[in-house]
Amino acid sequence: MTALKTIPERCAACYICELACSFHHEGVFGRRLSSVEIRKDAPTGKVAIAIHEAGAGLRRACDACEGEPKPLCIIWCPVSAIVGRGARP
Ligand code: SF4
Ligand code: SF4
């Protein structure tokens, strides 16, 4: 389990967190590798943020950014829509 909290109301669906997460896992940018999944409903614009605790297919399980000084999804989200351990106040 991670200590991440998501605040989807803030999310701008920029997908930076997904890219940062894939970089943590594999050293490449690839949204399908990410433990974070951003889903935007086009008609309503509503955004959902999922943190996957289990991997499936290419998708990697969240390991709370083991080995990183802080979770990369928290560091790189420009609007603090993902918060938790190491988060900005
Ligand atoms: S804490 Fe790390 S591994 Fe977990 S979702 Fe965020 S970037 Fe991905
Ligand atoms: S980086 Fe932040 S604003 Fe961008 S998609 Fe991820 S949670 Fe949303």
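## Tour stop: Ser-35 and its surroundings

Select Ser-35 together with its contacts from beyond four places in sequence: Cys-21, Ile-51, His-52, Arg-59, Arg-60, Ala-61 and Cys-62. The model is a predicted one, and what follows describes computed geometry.

Keep Ser-35 selected and colour by secondary structure. Ser-35 lies in a loop, with helix H1 (16-26) on one side in sequence and strand S2 (36-40) on the other.

Is Ser-35 buried or exposed? Show the C-beta positions within 10 Å of Ser-35: there are 26 belonging to other residues. Ser-35 counts as buried because that number meets the cut-off of 20 or more.

Next, add Ala-50 to the selection and draw a distance between the two C-alpha atoms. The separation between Ser-35 and Ala-50 is 8.0 Å, and the two residues are 15 residues apart along the chain.

Now clear the selection and display the whole protein as a cartoon. Its secondary structure consists of 2 helices and 4 strands. Traced along the sequence, these elements come in the order β-α-β-β-α-β. The radius of gyration is 12 Å, close to the 12 Å from the globule rule for 89 residues, so the protein is as compact as a globular protein of that length.

Switch to a C-alpha trace and align the view to the principal axes. The C-alpha atoms occupy a box of roughly 35 × 35 × 20 Å.

Finally, colour by burial and then bring up a contact map. Of the 89 residues, 30% are buried, and Ser-35 is one of the buried residues. For contacts between residues at least 6 apart in sequence, 55% link residues at least 24 apart.

Methods. Residues are numbered from 1 along each chain as its sequence is written. Chains are lettered from A and ligands numbered from 1 in the order in which they are written. This is a predicted model: local features need pLDDT of at least 70, side-chain atom pairs count only at pLDDT 80 or more; totals for chains, interfaces and linings use all residues. A residue is buried if 20 or more other C-beta atoms lie within 10 Å of its own, exposed if 12 or fewer, and partly exposed in between; C-beta atoms are placed from the backbone. Two residues are in contact if their C-beta atoms, placed from the backbone, lie within 7 Å. The radius of gyration is taken over C-alpha atoms; the globule rule is 2.2 Å times the number of residues to the power 0.38.
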